[in-house]
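Trainee: Please take a close look at the sheet in this model and at what packs around it. I would like one connected account.

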Amino acid sequence: MVLGLDTCLNACSVAVLQDGRALAHESEVMARGHQERLAPMAQRAMQAAGLGFDRLERIGVTVGPGSFTGLRVGLAFGKGLGAALGVPVIGVGTLEALGAEAEGLVFAAVDARRDQVYLQAFEAGRALMAPDVLPVETACARVAELAMGRSPTFVGSGGPLLAGVAPGARLVASEGADARIVARLAAGRDAAPPRPLYLRAPDARLPA
């Protein structure tokens, strides 16, 4: 029994899975406000699944890259709930969750602003590169190198920035990772303390 959580991007998503089957799922698009929405959504999902939190066996949560604030909201909630229940909390990469279920060559790409994208490539479920933050021009060159004339799938908000270098590419819009996929990935891996994946320094700066 796994609870999946995602708050890293422009959505808040929660799901409850039992043996790989989704019992409940709720997702809401939002640029901010994850902290206020996450706990009520998790409670509704558990109620919809007809379960108490004490039935959970593990928790899966996205660890980034993504919004610094949103990332910390999901991690803090997941860790706190896991500690209270005595169950392991498993970290799942945001880009991994985005690209997990598309077939063929897949680029999980998120617009990181400042003319940059978060990028990771997958083929047949295997990562072809580590998650990275790249200038758009560099990311386009990486896509062209890995695609080698093929027509890949781009998943995420960064797809439109890169698809021009891969004729025939398919674009899949996504405001965030699907918590059902997060839970499914978390169910299949060894327990280890989740660590945030920061690929660049925060935009906020302390006053001089």
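Mentor: Strands β2 and β3 run antiparallel and are joined by 8 bridges. Within that pairing, S13 has S27 in β3 as its bridge partner. The model is a predicted one, and what follows should be read as a description of that prediction.

The two strands belong to an open sheet of 5 strands, ordered β3-β2-β1-β4-β5, and the pairing in this sheet is mixed. At the edges are β3 and β5, each of which pairs on one side only. From one strand to the next, the twist averages 15 degrees.

Two helices can be placed against this sheet. Helix α2, residues 68–85, lies across β1, β4 and β5, and its direction is at about 170 degrees to that of β4. Helix α6 covers residues 179–187, and its buried residues are A179, I181, V182, A183 and A186. These buried residues pack against β1 (2–6), β2 (11–18), β3 (21–29), β4 and β5 (89–92), and also against α3 (94–99).

Strand β4 spans residues 58–62, and T62 lies in it. T62 counts as buried because its relative accessibility is 0%, against a cut-off of under 20%. Its side chain makes a polar contact of 2.6 Å with the side chain of D6. Neighbours within four places in sequence aside, T62 is in contact with L5, D6, T7, C8, L75, V92, T94, A177 and V182. Several of these names can be put back into the elements described above. V182 is one of the buried residues of α6; D6 falls in the range of β1 (2–6), and V92 in that of β5 (89–92). L75 falls within α2, residues 68–85.

C8, also on the contact list of T62, raises the matter of disulfides. A search of the whole structure finds 0 of them. C8 is accordingly in no disulfide, and the nearest cysteine sulfur, that of C12, is 11 Å away. Seen from the other side, the sulfur of C12 has C8 as its closest cysteine sulfur, and at 11 Å the two are too far apart for a bond, because a disulfide requires sulfur atoms within 2.5 Å. C8 counts as buried, since its relative accessibility is 0%. C12 also counts as buried, because its relative accessibility is 0%.

Technical notes
Residues numbered from 1 in each chain as written. Predicted model: local features only at pLDDT ≥ 70, side-chain atom pairs only at ≥ 80, totals over all residues. Heavy atoms only, no water. Helix = DSSP H or I, 4+ residues; strand = E, 2+ residues; numbered from the N terminus. Buried < 20%, exposed > 50% of the residue type's maximum accessible area, 1.4 Å probe, protein only. Polar contact = N/O pair within 3.5 Å; in protein donor to acceptor, adjacent residues only side chain to side chain. Contact = heavy atoms within 4.5 Å. Pairing = 2+ DSSP bridges. Axes fitted to C-alpha atoms, helices over the stretch in contact; angles between N-to-C directions.
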